[in-house]
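Here is a friendly walk through one protein model, meant to be read with the structure open beside you. Take a look, then follow along.

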Amino acid sequence: MTDKFQILTSTCVPLPMENVDTDQIIPARFLKATTREGFGDNLFRDWRYDKAGNPVSGFVLNNPIYSGTVLVAGKNFGSGSSREHAAWAVAGYGFKVVISSFFADIFKNNALNNGLLPVVVSEKFLSDLFKAISLNPQTTITVDLEKQTITNNSNRSQESFDINPYKKDCLLNGYDDIDYLLSRKDKIEVWEKQHNKQVCNK
């Protein structure tokens, strides 16, 4: 079980860079681990730290004026290899939502499988949100998963977003795939009894 996702209002961390690939999200040298723990520590590792391991002051995750559980990214976020570790790193850092005008399909699916909500918005909505955050780092967005809406609270502009109905149900209830099956156990057992009965009657 994971935390249920229903309505989230948060400040945002802006990353106005396009074509951020999975090797930039989590460099390949950190892929030896097979569990999710600790990946957030190395999110954007080569941008966050110099070769001596010191924080790079100009990188957004090292800037104290930005905070929140929402990452606002440029177009084509998560391109490159299919490594699920990229989604682990973003979620492990503490982000619950990633906003972009386009996601690589594999990253998008990996994110949903790991309790991270990728929200696709129009390029205008994304551009306006970047501007709002630049003017006021305390700008917030509200994501209503049930209604599938995202609102820029600085100007009250709102858009709808798409999500796979199954993954939406999982996020709303805090289910992973196994939890979902267990939640349907009674219905599965009823179907099996009916199916077995039909087979026996043939």
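## A helix with a pair one turn apart

Asp128 and Lys124 both belong to helix H5 and, being four residues apart, are separated by about one helical turn. Residues three or four places apart in an α-helix point the same way, because the helix has 3.6 residues a turn. The side chains of Asp128 and Lys124 meet in a salt bridge, 2.7 Å from N to O. Asp128 is partly exposed, with a relative accessible area of 24%, while Lys124 counts as exposed at 60% relative accessibility. Please keep in mind as you read on that this is a predicted model.

## Salt bridges across the chain

How many salt bridges does a search of the whole structure find? There are four salt bridges, and the pair in H5 described above is one that you have already met. Another joins the side chains of Glu123 and Lys75, at 3.4 Å from N to O. This pair links distant parts of the chain, 48 residues apart: Glu123 is in helix H5 (residues 123-135), and Lys75 is in the loop between strand E2 (70-73) and helix H3 (85-93). Lys75 is partly exposed, with a relative accessible area of 36%.

Arg29 and Asp46 form a further salt bridge, with their closest N and O atoms 2.5 Å apart. Arg29 lies in the loop between helix H1 (22-25) and helix H2 (45-48), and Asp46 lies in helix H2, so the pair ties together parts that are 17 residues apart in sequence. Both partners are partly exposed: Arg29 has a relative accessible area of 48%, and Asp46 has one of 46%.

## The sheet

Now turn to the strands. Seven of them form an open sheet with mixed pairing, in the order E4-E3-E2-E1-E5-E6-E7. Why is one side of E4 and of E7 left without a neighbour in the sheet? Strand E4 (117-120) and strand E7 (157-160) stand at the edges and each has a single partner strand, so one side of each has no neighbour there. From one strand to the next, the twist averages 30 degrees.

Strands E6 (residues 149-152) and E7 run antiparallel and are joined by four bridges. In one of the pairings, Asn152 has Ser157 in E7 as its bridge partner.

## Aromatic rings

The count of aromatic pairs comes to eight. One of them is the edge-to-face pair of Phe77 and Phe103, with 6.3 Å between the centres and 90 degrees between the planes. Phe77 sits in the loop between E2 and H3, and Phe103 in the loop between strand E3 (97-100) and helix H4 (105-113), so to speak of distant parts of the chain is apt: they are 26 residues apart. Both Phe77 and Phe103 are buried.

Phe103 also pairs with Phe107: the ring centres are 6.2 Å apart and the planes are at 15 degrees, so this pair is stacked. Phe107 is buried, as is Phe103. Elsewhere, ring pairs link Phe44, Trp47 and Phe59 into a cluster. Tyr49 has a charged visitor, as the charged end of Arg45 sits over its ring, 4.5 Å from the centre.

## Helix H6 and its ends

In helix H6 (residues 165-173), the buried residues include Lys167, Lys168, Cys170, Leu171 and Leu172. Asn164 caps the N-terminal end of H6, with a side-chain oxygen 2.8 Å from the backbone nitrogen of Tyr166. Just after H6 comes Gly174, which takes a positive phi of about 70 degrees.

Conventions:
Residues are numbered from 1 along each chain as its sequence is written. This is a predicted model: local features need pLDDT of at least 70, side-chain atom pairs count only at pLDDT 80 or more; totals for chains, interfaces and linings use all residues. Side-chain values use heavy atoms; hydrogens and water are left out. Two strands pair if DSSP finds at least two bridges between them. Helices (H or I, at least four residues) and strands (E, at least two) are DSSP runs, numbered from the N terminus. Axes are lines fitted to C-alpha atoms, for helices over the stretch in contact, and angles run from 0 to 180 degrees between N-to-C directions. Buried means under 20% relative accessible area, exposed over 50%, partly exposed in between (1.4 Å probe, protein chains only). A polar contact is a pair of N or O atoms within 3.5 Å; within protein, one must be able to donate a hydrogen and the other to accept it, and residues adjacent in sequence count only if both atoms are side-chain atoms. Rings of Phe, Tyr and Trp (its six-membered ring) pair if their centres lie within 6.5 Å; planes under 30 degrees apart count as stacked, over 60 as edge-to-face and the rest as tilted. A charge sits over a ring if NZ of Lys or CZ of Arg is within 6 Å of the ring centre and within 35 degrees of the ring normal.
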